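Please take the sequence and the model together, and follow the chain from its overall plan to its details. The paragraphs below go through the elements, the interior, the loops and the surface in turn.

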Amino acid sequence: INCAEVEQVESFKFFGFNVTDDLLWTNDIDATTKKAHQYLYFLRRLRKFDMSPVTLTDFYRCTRKSILLDCITTCFGNSSAQDGKTLQSVVDVAQCNTHTRLPTFDSICTSRCL
């Protein structure tokens, strides 16, 4: 660009998203899943304090669900089935910790994307 060399990289972070040279979102989904699993620690701690399932579900919806919704909004249309399973694992862990039925990742996607 303007007679200057431009370095080609495999991936970089742009506005908080991990963009790869092949424009796949697997790296970003993996990072989002890792962050969501780390935040589920607090949900497990609340469960150990015998909080009610309603309180646990509210905590999940206010904190972790927003991470998944950001991921859906930006990259779900171009993600693989394996990426969807990876994100569903976060919902599964939250469901076990809250002892309630939570919407599946696919149902969240269809309601957000339509």
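A residue is called buried here when its relative accessible area is under 20%, exposed when that area is over 50%, and partly exposed in between. With these cut-offs in hand, and with the reminder that this is a predicted model, the first helix can be read residue by residue: in α1 the buried positions are D28, I29, T32, T33, A36, L40 and L43. In an α-helix there are 3.6 residues a turn, so residues three or four places apart point the same way. That general point is useful to keep in mind while looking along the helix and its buried positions.

The overall plan comes next. The protein has four helices and two strands, and from the N terminus on these elements follow one another as β-β-α-α-α-α. Of the 114 residues in the protein, 33% are buried.

Two of the helices can be checked for their length. The 23 residues of α1 should span 33 Å at 1.5 Å a residue, and because its end C-alpha atoms are in fact 33 Å apart, the expected and computed spans agree. Helix α3, with 18 residues, reaches 26 Å from its first C-alpha to its last, which is close to the 26 Å expected at 1.5 Å a residue. The buried residues of α3 are D83, G84, T86, L87, Q88, V90, V91, A94, Q95, N97 and T98.

Where do the buried nonpolar residues come together? The largest nonpolar core has nine residues, namely A36, L40, L43, L56, Y60, V90, V91, A94 and L102, and α1, α2 and α3 each supply at least two residues of this core. A second, separate core of five residues includes W25, I29, L87 and C109. Residues of α1 that are buried thus appear in both lists, with A36, L40 and L43 in the nine-residue core and I29 in the five-residue core.

V90 is a convenient place from which to look at the relation between α1 and α3. This residue of helix α3 has a relative accessible area of 0% and is therefore buried. V90 and T32 are 58 residues apart in sequence, and their C-alpha atoms are 9.9 Å apart in space; T32 is itself among the buried residues of α1. A further pair can be followed from R45, which lies in helix α1 and, at 34% relative accessibility, counts as partly exposed. The C-alpha atoms of R45 and N97 are separated by 9.6 Å, although the two residues are 52 residues apart along the chain, and N97 is among the buried residues of α3.

N27, also found in helix α1, has a relative accessible area of 38% and is therefore partly exposed. N27 and F17 are ten residues apart in sequence, with a C-alpha to C-alpha distance of 9.1 Å.

What lies just beyond the ends of α1 and α3? After α1 comes D50, whose phi is positive, near 60 degrees, although D50 is not a glycine. D50 lies in the loop between α1 (26-48) and α2 (53-75), and its relative accessible area of 70% makes it exposed. After α3 comes H99, whose phi is likewise positive and near 60 degrees, and H99 too is a residue other than glycine. The place of H99 is the loop between α3 (81-98) and α4 (105-113), and at 59% relative accessibility H99 counts as exposed.

The aromatic residues give two more things to look for. A search of the whole structure finds one aromatic pair. The rings of Y41 and F42 have their centres 5.4 Å apart and their planes at 70 degrees, so this pair is edge-to-face. Y41 is partly exposed, with a relative accessible area of 41%, and F42 is partly exposed at 43% relative accessibility.

On the surface, V9, F12, F14 and F15 make a nonpolar patch of about 440 Å². One of these residues, F15, is in the loop between β1 (11-14) and β2 (17-20), and because its relative accessible area is 72%, F15 counts as exposed.

Notes: Residues are numbered from 1 along each chain as its sequence is written. This is a predicted model: local features need pLDDT of at least 70, side-chain atom pairs count only at pLDDT 80 or more; totals for chains, interfaces and linings use all residues. Side-chain values use heavy atoms; hydrogens and water are left out. Patches are made of residues with over 30% relative accessible area and no salt bridge: like charges are joined within 9 Å, nonpolar side chains (Val, Leu, Ile, Met, Phe, Trp, Tyr) within 5 Å. Accessible areas come from the Shrake-Rupley method with a 1.4 Å probe; for residues, only the protein chains shown count as cover. A salt bridge is a side-chain nitrogen of Lys or Arg within 4 Å of a carboxyl oxygen of Asp or Glu. Buried means under 20% relative accessible area, exposed over 50%, partly exposed in between (1.4 Å probe, protein chains only). The expected span of a helix is 1.5 Å times one less than its number of residues. A nonpolar core is a set of buried Ala, Val, Leu, Ile, Met, Phe, Trp, Tyr and Cys residues joined through side-chain atoms within 4.5 Å. Rings of Phe, Tyr and Trp (its six-membered ring) pair if their centres lie within 6.5 Å; planes under 30 degrees apart count as stacked, over 60 as edge-to-face and the rest as tilted.
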